[in-house]
Amino acid sequence: MIRGRIEEDYDKLVSYPRRIRHESTVGAGLPVIASLNRLLSSGDPVHRIIGSLSGTLGYVMSEVEDGKPLSEVVKAAKNLGFTEPDPRDDLSGMDVARKALILARLLGRRINLDNIKIESLYPDEMGPDAMSVEEFLASGIVSLDNDVQERVKKALLNGNVLRYVCVIEGSRCEVGIQELPKDSPLGRLRGSDNVLEIYSRCYNKQPLVIQGAGAGNDTTAAGVLADILDIQDLFP
Ligand SMILES: NC(=O)C1=CN([C@@H]2O[C@H](COP(=O)(O)OP(=O)(O)OC[C@H]3O[C@@H](n4cnc5c(N)ncnc54)[C@H](OP(=O)(O)O)[C@@H]3O)[C@@H](O)[C@H]2O)C=CC1
Ligand SMILES: N[C@@H](CC=O)C(=O)O
């Protein structure tokens with residue numbers, strides 16, 4: 001019953017895409033939601049989205065590829081303002097899953113987080129119920145360094161790299177690590193950039209690609225400010 005009401009309220013909210021703005025909830029300041037809304041409102045059905053939606057995990061995956069330990073790289077990502085206040089929200093895949101959920105719902109999928117397959121980069125024993133953020137960063141995460149390096153080396157031997165991606169297609173919505181060719185848009189990703197490939201009727205063989213900084217205080221704040229200015233223009 002409550003779920004029914006929530007769904008009704010949600011439908012009402014998103015039926016005013018020009019007035020309801022939440023651009024920075026996916027891809028920080030990148031025009032991800034605006035672009036999707038433009039495609040959808042012009043009647044161009046979107047059938048597949050694949051992308052790297054985490055500035056933190058994009059940065060982490062490209063840095064560990066250069067041989068740096070996961071534990072050091074995650075601390076650096078936190079200092080650079082890319083991670084959530086608890087970086088385990090990023091490493092658990094939960095931050096990406098939330099973004100995937102936002103996009104899937106914009107495409108009309110009536111799903112919840114429970115319907116998303118999520119790969120976590122740390123075990124349950126290192127979760128927020130078991131240790132504080134400080135403990136995790138000081139001692140927990142170090143024990144993951146070797147495993148991650150092994151996975152990176154294995155992928156490199158195949159000429160591939162590891163990227164943490166989200167895939168939304170048909171009833172499928174999942175987030176996790178994939179081994180991808182080094183020489184592909186996702187494989188070439190460096191730093192905190194996000195890359196999103198959107199496939200629709202108009203963008204069928206060649207996807208619409210959106211790429212740029214997907215985390216960081218400046219770009220996120222710019223996304224919020226641009227939403228405010230756009231809305232202000234609606235009420236002259
Ligand atoms: N950083 C990024 O790149 C992006 C962030 N976001 C989202 O923006 C939000 C903020 O992220 P970010 O700025 O990085 O996080 P920070 O940890 O840097 O900032 C969070 C701020 O919120 C304050 N805060 C936390 N809880 C409360 C509360 N209950 N009442 C009032 N203030 C509170 C904190 O205050 P105090 O320091 O006193 O605890 C802190 O100033 C998050 O939801 C994040 O997902 C979205 C896109 C990109
Ligand atoms: N922690 C997030 C910040 C933006 O949503 C990320 O790393 O992308």
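Visitor: Where does ligand 2 sit?

Guide: In the second largest pocket. Keep in mind that we're looking at a predicted model. A pocket, as used here, is an open set of grid points, while a cavity is one the probe cannot get out of.

Visitor: Okay, so which residues surround ligand 2?

Guide: For a shell like this, a residue counts if one of its heavy atoms lies within 4 Å. Going along the chain, you meet Ser 54, Gly 55 and Thr 56, then Phe 82, Thr 83 and Glu 84, then Asp 90, Asp 95 and Lys 99, and finally Gly 214 and Ala 215. As for helices, α3 and α6 (94-106) each supply at least two residues of that shell.

Visitor: How does the shell around ligand 2 divide by class?

Guide: Five of its residues are polar, four are charged and two are nonpolar. Gly goes with the polar ones in this scheme.

Visitor: Which atoms of Gly 55, Thr 56 and Phe 82 lie by ligand 2?

Guide: Look for pairs of N or O atoms within 3.5 Å. Thr 56 uses its side chain: a polar atom there is 2.6 Å from an oxygen of ligand 2. With Gly 55 it's the backbone, where an N or O atom lies 2.8 Å from a ligand oxygen. Phe 82 also brings a backbone N or O atom, this time 2.8 Å from a nitrogen of ligand 2.

Visitor: And how much of ligand 2 does the protein bury?

Guide: The idea is to take the ligand alone, then ask what the protein covers. On its own, ligand 2 exposes 260 Å², and 89% of that is buried by the protein.

Visitor: Let's go to the closed spaces. How many cavities of 30 Å³ or more are there?

Guide: A search of the whole structure turns up two. The largest holds about 50 Å³ of space, and the second largest about 40 Å³.

Visitor: What lines the largest cavity?

Guide: Leu 13, Val 14, Pro 17, Ile 20, His 22, Asn 37 and Leu 106. By class, that lining has five nonpolar residues, two polar and no charged.

Visitor: Which elements supply the lining of the second largest cavity?

Guide: Two helices and a strand, α3 (55-65), α8 (145-157) and β3 (160-169), each give at least two residues. The lining itself is made of Met 61, Val 64, Glu 65, Val 152, Ala 155, Leu 156, Asn 160, Val 161 and Leu 162. Seven of these are nonpolar, one is polar and one is charged. You've met α3 already: it also supplies at least two residues of the shell around ligand 2.

Definitions and conventions. Residues numbered from 1 in each chain as written. Chains lettered and ligands numbered in written order. Predicted model: local features only at pLDDT ≥ 70, side-chain atom pairs only at ≥ 80, totals over all residues. Heavy atoms only, no water. 1 Å grid on protein atoms, 1.4 Å probe; cavity = no way out; pocket = protein on both sides within 12 Å on 5 of 7 lines; lining within 4 Å. Points joined across faces, edges and corners; volume = space filled by probe spheres on them. Helix = DSSP H or I, 4+ residues; strand = E, 2+ residues; numbered from the N terminus. Polar contact = N/O pair within 3.5 Å; in protein donor to acceptor, adjacent residues only side chain to side chain. Areas by Shrake-Rupley, 256 points an atom, 1.4 Å probe, with all protein chains shown as cover. Sits in = over half its atoms within 2 Å of the grid points.
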